[in-house]
Amino acid sequence: MSSLRRLTQYFCLLGLLCDFSQLSRGESFTNSDSSYFFYQRPNYPRDCNEVLNECSSSSSSGVYLIKPDGYLEPFEVFCNNDIDSGGWTILQRRMDGSISFNRNWEEYKDGFGFLSSEFWLGNEKLSYITNQAAYELRIDLTLCNGSSFYVGYNAFRITDEWGLFSLSSVGEYSGNESSLITFCPPNTVAKNFTCEPVHDTEIFTDCYHAYQSGHREDGVYNIRPSGWTGEPFRAPCNMSIDGGGWTVLHRRVNGSVSFEHNWEGYKNGFGILEHELWLGNDKIHFITKQKNYELRMDVVNLDQDAYFAKYNLFRISDENFKYQLQLGVYDSTSTTNFDAMNQHRDQFFSTPDRDNDRINYDCAGVIRDGWWYGHPQGNVDCNDCRFNSPNIGTTTYPYPYWHYLPGSDYLMYTDIKIRPV
């Protein structure tokens, strides 16, 4: 194989589509017999379809260089040539949760992750790619039961940053999902591969009220506590653990929902009711003022050991009194082996924009969450327990933890729920 052919193949593998048969010869620097010439810069392909069509050695899926029209420098992309005739420029991939997609505007603009595994290519790159021609979009998905399918659209385009990277076009829909997706009828929701009822017609004062009314399924129910003047709100109910009837106030599973919220966020609530959430301090206040409630806090640490703590009373005041915590006696049946909530008794709720901890230290500002921070003796000691810290499931500070657990203090799952005594 000649050195010229080897060089051509090397450039093709990188996506540098240079036609060496048409290199431009420049002026001789000396005379007509000189062997010194200058050449034009190689032309880059604009997307993975051009990589596939213009270079014979680029038929394998992998990482190539492209340069869309108007983009200043070439950049690497992953090209998939194994499905539907190939030539697909991959914009996003998720496989195992190894890359966090909880990112800010600049990170989604520039892109993040690893092309060989999970990544987001970057909105600015997507804008340049999709505005140079008409593009079809294909979305491939695999369900947790192993079933795979795809959906497609024939005219995908996003605007530039000036237009807030808005989805300006998707086109007509197509796909092969019809045999795999079951659309649930009204008043039901897809859960565990079945259609389970949602409880939209009945309204309860709390989840124990729903339990007493005959409902035994875990799920989301309509709640309107006594004195609540707004519309009923939805709350998750745990009907299976420890006798059932628990109203879930908080849950964290894998860090997919950010708990770095200000006072208004914690006041009103946030997250996904079926997944990670903070129900909202206003709602919690109105629920707990109805009667006496017991508290159960469940945790799983990094060793994947499960523990719980129970208290015979839980109540918080209203916003005027800074959602102050009233907490009862630590139950002797608890498996955490330590009352880590002891120092939080009677403490006010704090967030990064509301320092209410009554000690000479801005706990919520440093830890970047909301909680009942403080210490009865006014020590510079924020907490023995915190559930809303950002870095759940890690040992990177600040992380959720329960002090003096029998195993690791670091938490990967947290759950707070209440039930009438």
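What follows is a chat about the pockets, cores and one buried residue of a predicted model.

Biologist: Okay, pockets to start with. How much space lies in the largest pocket?
Modeller: Keep in mind that the model is predicted. The largest pocket holds about 1,200 Å³ of space. Its lining counts 35 residues, and Ile90, Leu91, Gln92, Arg138 and Ile139 are the closest to its centre.

Biologist: Which element gives the most to that lining?
Modeller: That's β7, with 6 residues. Strand β7 spans 137-142, and β2 (75-80), β3 (88-89), β4 (92-93) and α4 also supply at least two residues each.

Biologist: And how do the lining residues of the largest pocket divide by class?
Modeller: You get 18 nonpolar, 9 polar and 8 charged.

Biologist: What about the second largest pocket, how much space lies there?
Modeller: About 500 Å³. There, 22 residues form the lining, with Ser100, Asn102, Asn254, Gly255 and Ser256 closest to the centre. By class, that lining has 11 polar, 8 nonpolar and 3 charged residues.

Biologist: Back to α4 for a second. Where does Asn123 lie?
Modeller: Asn123 is in helix α4, which covers residues 123-130.

Biologist: Is Asn123 buried or exposed?
Modeller: Buried, because its relative accessible area is 13% and the cut-off for buried is under 20%.

Biologist: What does its side chain pair up with?
Modeller: The side chains of Asn123 and Trp120 make a polar contact of 3.2 Å. Leaving aside neighbours within four places in sequence, Asn123 also contacts Tyr108, Lys109, Ile158 and Phe165.

Biologist: New topic: cores. Which residues touch the most other members of the largest nonpolar core?
Modeller: Trp278, Met297, Phe314, Met341, Trp371, Phe387 and Trp402, out of 52 residues in that core. Strand β20 (residues 293-301) contributes the largest share, 4 residues. Apart from that core lies another one of 22 residues, including Tyr71, Phe119, Leu121 and Phe165.

Biologist: Why would nonpolar side chains gather like that?
Modeller: It's a general tendency: in soluble globular proteins, nonpolar side chains tend to be buried together.

Biologist: Pick Trp371. What is it in contact with?
Modeller: Setting aside neighbours within four places in sequence, its contacts include Trp278, Met297, Met341, Phe387 and Ile416, and also His344, Arg386 and Asn388.

Biologist: Last one: how many cavities of 30 Å³ or more does the structure hold?
Modeller: Just 1. The largest cavity has about 30 Å³ of space, and Leu295, Met297, Phe314, Met341, Trp372 and Ile416 line it. That lining is 6 nonpolar residues, with no polar and no charged ones.

How values were computed. Residues are numbered from 1 along each chain as its sequence is written. This is a predicted model: local features need pLDDT of at least 70, side-chain atom pairs count only at pLDDT 80 or more; totals for chains, interfaces and linings use all residues. Side-chain values use heavy atoms; hydrogens and water are left out. Buried means under 20% relative accessible area, exposed over 50%, partly exposed in between (1.4 Å probe, protein chains only). A polar contact is a pair of N or O atoms within 3.5 Å; within protein, one must be able to donate a hydrogen and the other to accept it, and residues adjacent in sequence count only if both atoms are side-chain atoms. Contact means heavy atoms within 4.5 Å. On a 1 Å grid over the protein atoms alone, a cavity is a set of points where a 1.4 Å probe fits but cannot get out, and a pocket is an open set with protein on both sides within 12 Å along at least five of seven lines; lining residues have an atom within 4 Å of a point. Grid points are joined across faces, edges and corners, and a volume is the space filled by probe spheres set on the points. Ala, Val, Leu, Ile, Met, Phe, Trp, Tyr, Cys and Pro count as nonpolar, Asp, Glu, Lys and Arg as charged, and the others, Gly among them, as polar. A nonpolar core is a set of buried Ala, Val, Leu, Ile, Met, Phe, Trp, Tyr and Cys residues joined through side-chain atoms within 4.5 Å.
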